[in-house]
Amino acid sequence: MIYLDTAATSRQKPELVYQRAEQAMRETANPGRGGHAPALEAGRMVYAVREQVSAFFHVGEAERVVFTSNATDALNLAIQGMAHPGGHIVSTTMEHNSVLRPLRALEGRGVRHTLVQGDPGSGVVTAAQVAEALEPETCLVVCTHVSNVTGTQMPVEEIGALCRARGIPFLVDASQSAGVCELDMEAMGIDLLACPGHKGLLALPGTGLLCLGPNVRPEPLKQGGTGSFSEYLEQPDLLPDRYESGTLNTVGIASLGAGLEYLEERGLESIRRHEQALCEQFLSGLRAIPGIEIYGAGNTRRQTAVVSFNLRGMDCAQAAFRLDREYGICMRAGLHCAPLAHRTVGSFPQGSLRASMGPFNTEEEIEQTLSALSALSR
């Protein structure tokens, strides 16, 4: 099998991830719910990973790292928690439905939004476009760091500087960039950072993060048991308990800590160079195949290792089926939960094939994939 769907989830994990997950299953209990040894060990492990995340993304205080079940959960908490009736939110046409659908739902609560149009060729939006969309009532700016359709990198540092100068909270969807690109919340002007654990951070599914800057405090979306202040019926106000009702996914959090250890040891720059080389190899090979149409920038200096394309005359779902059935190559086809991004780059309504490479893919796998696509083209 050749797995080229890391943008959906990383399938191959470092061995340490499997080991830590099993260890957590065997040795820990419910963190914050008991004074016995397994519960205390779980609590220590969870806090240690919270500190790892804080250092990795330059959050500041570990208590401002909130564990969620996935990036969608984190984005909903950030978007709905920061919105208020009469408010206005600015986002882009390159967003995932995990941003677009909460924005649509908020319309029924009196919250307006403006979507900045991405460039038809690359998908990029500019800070100047965001500035034009701001209003006196703007209470949040939301932007993906990297498009899950084209791999396009957005100028989040410039947008962050703009938002900081205007005093507007800035939420970044790092679903495709966490574990691939350097992310420094303080330096990049990011107030809320949402990402999954199971993609670039190489953890198990069911893990996610919302990292909070010091000046934001979204309203929680749920209330319940936190293991703290149990004598009160009101939700605790301290962090992270305010947002972490219910039993945490301790096994997933343990795997997240292991994934972060692997990334620190191998180095983000090393991983980025590896994936960039594979992406360049893939793009170069695609351009040599007749009948291939590539969407987005097509330039590894402006995108991560995510490439969307189509074979003219063949439905992308049929192409993905044949790649899987005949060649053992896994890619995703369709709209990738980002219909407006496909409208932006011209691949709507059919969608596209998407190849997304990860740290464990090889040059040989890329060559075999290009050979299979060449055969399909013929």
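**Looking around T92 and the cores**

Colleague: Which residue offers the backbone nitrogen that the side chain of T92 reaches at 3.0 Å?

Modeller: This is a predicted model, where local features need pLDDT of at least 70, side-chain atom pairs count only at pLDDT 80 or more, and totals for chains, interfaces and linings use all residues. Residues are numbered from 1 along each chain as its sequence is written, and side-chain values use heavy atoms, leaving out hydrogens and water. At 3.0 Å from the side chain of T92, the backbone nitrogen belongs to M94.

Colleague: With which side chain does the side chain of T92 make a polar contact?

Modeller: A polar contact pairs N or O atoms within 3.5 Å, one able to donate a hydrogen and the other to accept it; sequence neighbours count only if both atoms are side-chain atoms. At 2.5 Å, the partner of T92 is the side chain of E95.

Colleague: Is T92 buried or exposed?

Modeller: Buried means under 20% relative accessible area, and exposed means over 50%. T92 has a value of 2%, so T92 is buried.

Colleague: Which residues have the most contacts inside the largest nonpolar core?

Modeller: Such a core joins buried Ala, Val, Leu, Ile, Met, Phe, Trp, Tyr and Cys residues through side-chain atoms within 4.5 Å. The largest one holds 57 residues, and a separate second core of 28 residues includes F282, A305, M357 and L373. Within the largest core, the residues with the most contacts are F57 and L201.

Colleague: Which helix gives the most to the largest core?

Modeller: Helices are DSSP runs (H or I, at least four residues), numbered from the N terminus. With seven residues from the stretch 250-266, the top contributor to this core is helix 8.

Technical notes: Buried < 20%, exposed > 50% of the residue type's maximum accessible area, 1.4 Å probe, protein only. Helix = DSSP H or I, 4+ residues; strand = E, 2+ residues; numbered from the N terminus.
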